[in-house]
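Thanks for sharing this one with me. My notes follow as numbered points, to be read with the model open beside you.

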Amino acid sequence: MLTPITDRSVIVTGASRGIGKGIAKLFAAHGAKVMVVARGRAAAADTVAEIRAADGTAELHLCDVSDWSEVQGMVETTAAAFGGVDILCANAGIFPQVKMVDMSPDDWDAVMATNLKSTFLCVKACIPYFETAGRGRVVVTSSITGPITGYPGWAHYGASKSGQLGFLKTAAMELARYNTTINAVMPGNIMTEGLVDLGEDYLTSMAASIPLKRLGAVADIANAALFFASDEAAYITGQTLVVDGGQILPESLDAIAGI
Ligand code: NAP
């Protein structure tokens, strides 16, 4: 049983759907005050409404996490609404598929800005609030794709997800003086709206390559994020946790054919 995170002020980026929505709902169910962040209003408002319908506390803030002034506004608004910032879940990300032969420099920059630069911007903007609080928690949503595995079409995405882990190690050292930890969850294939957009063939082939024989649920990632955000994880920083149903383990499809 984890110490409750009641009344902690939490920012969850990319919380209008998918993994971020799962994190927002789980943290709110555990008593946290959650700032739901995305660019699109309608889906983000739905997340807020679902949390409030379950007697949770949530507010909505529209923000492009790749834009420094918008990120500063996101953090200031959260601090004003909830009395500070205790936990940042840097989750927003995009994963457009395009092979390098067709990938433009702008394609590359867009993925880096949304997935990697945003991680730095969101953490940087929260530092003054972690310093004031005398503690803080950052949970980054990375991926197995890039740090561990590869997939055609995701050279830019994989680089951005590996980049988050490179950032994490130095960030952990710099944030230590503010009694703040930073850790990353590395999801495998998690059933989200974004994953569904990749098509039925992708989903079927991925499920077949996972020893636990199913795609992950958003709650599988949210539970790991909740642990990293908890008091019980106070002495863990700069670390990663793979949550993938064992997907990175088989050396070939034959290896799991008979299990
Ligand atoms: P998703 O279903 O596509 O949701 C993405 C969320 O991010 C949406 O709320 C989206 O809202 C928001 N977002 C995108 N660009 C943004 C921006 N520039 N500023 C603010 N918000 C933005 O994605 P997901 O599958 O939940 O993935 C979430 C994270 O998990 C990503 O970082 C992804 O790389 C990582 N991940 C996912 C999987 C998986 O299997 N699903 C596996 C490994 C890692 P708006 O479009 O309205 O802004």
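**Notes on the predicted model**

1. Let me begin at the start of the fold. Serine 9 sits in strand 1, which covers residues 9-13. Please keep in mind that this is a predicted model. Serine 9 has a relative accessible area of 1%, so it counts as buried, the limit being under 20%. Leaving out residues up to four places away in sequence, serine 9 touches Lys33, Thr78, Phe82, Gly84, Val85, Asp86 and Ile87.

2. Next, the nonpolar interior. The largest nonpolar core has 32 residues, and those with the most contacts inside it are Ile11, Val71, Met74, Leu88, Val138 and Ile182. At least two residues of this core come from each of strand 2 (33-38), helix 3 (68-82), strand 4 (87-90), helix 4 (105-133), strand 5 (136-141), helix 5 and strand 6 (180-187). Which element gives the largest share of this core? That is helix 4, with 6 residues.

3. Valine 71 deserves a look of its own. Setting aside neighbours within four places in sequence, valine 71 is in contact with Cys63, Asp64, Val65, Leu121, Cys122 and Ala125. Apart from the largest core lies another one, of 31 residues, including Ile5, Ala24, Phe27 and Val36.

4. On to helix 5, which spans residues 155-175 and holds alanine 172. Is alanine 172 buried or exposed? Its relative accessible area is 7%, and since buried means under 20%, alanine 172 is buried. Neighbours within four places in sequence aside, alanine 172 is in contact with Ile182, Thr237 and Gly238. If you would like a distance to check on screen, the C-alpha atoms of alanine 172 and alanine 81 are separated by 27 Å, with the two positions 91 residues apart along the chain.

5. Now the ligand. There are 31 residues around it, and those that come nearest are Ser16, Arg39, Tyr157, Ile190 and Thr192. Two side chains approach its oxygen atoms: a polar atom of tyrosine 157 lies 2.6 Å from an oxygen of the ligand, and a polar atom of lysine 161 lies 2.9 Å from an oxygen of the ligand. Aspartate 64 has a polar side-chain atom 3.0 Å from a ligand nitrogen. Taken alone the ligand exposes 890 Å², of which the protein buries 93%.

6. Finally, the aromatic rings. The structure holds 7 aromatic pairs. In one of them, the ring centres of tryptophan 154 and tyrosine 157 are 5.7 Å apart with the planes at 50°; because that angle is neither under 30 nor over 60 degrees, the pair is tilted. Both partners are buried: tryptophan 154 has a relative accessible area of 6%, and tyrosine 157 one of 9%. Phenylalanine 227 and phenylalanine 228 also pair, with centres 6.0 Å apart and planes at 40°, so this pair is tilted as well. Here the burial is uneven, since phenylalanine 227 is partly exposed at 31% relative accessible area, whereas phenylalanine 228 is buried at 4%.

7. One last group to pick out on screen: Phe95, Tyr151, Trp154, Tyr157 and Tyr202 form one aromatic cluster. Tyr157 thus links two of my points, as a member of this cluster and as one of the residues that come nearest to the ligand.

Methods
Residues are numbered from 1 along each chain as its sequence is written. This is a predicted model: local features need pLDDT of at least 70, side-chain atom pairs count only at pLDDT 80 or more; totals for chains, interfaces and linings use all residues. Side-chain values use heavy atoms; hydrogens and water are left out. Rings of Phe, Tyr and Trp (its six-membered ring) pair if their centres lie within 6.5 Å; planes under 30 degrees apart count as stacked, over 60 as edge-to-face and the rest as tilted. Buried means under 20% relative accessible area, exposed over 50%, partly exposed in between (1.4 Å probe, protein chains only). Helices (H or I, at least four residues) and strands (E, at least two) are DSSP runs, numbered from the N terminus. Contact means heavy atoms within 4.5 Å. A residue is near a molecule or strand if one of its heavy atoms lies within 4 Å of it. A polar contact is a pair of N or O atoms within 3.5 Å; within protein, one must be able to donate a hydrogen and the other to accept it, and residues adjacent in sequence count only if both atoms are side-chain atoms. Accessible areas come from the Shrake-Rupley method with a 1.4 Å probe; for residues, only the protein chains shown count as cover. A nonpolar core is a set of buried Ala, Val, Leu, Ile, Met, Phe, Trp, Tyr and Cys residues joined through side-chain atoms within 4.5 Å.
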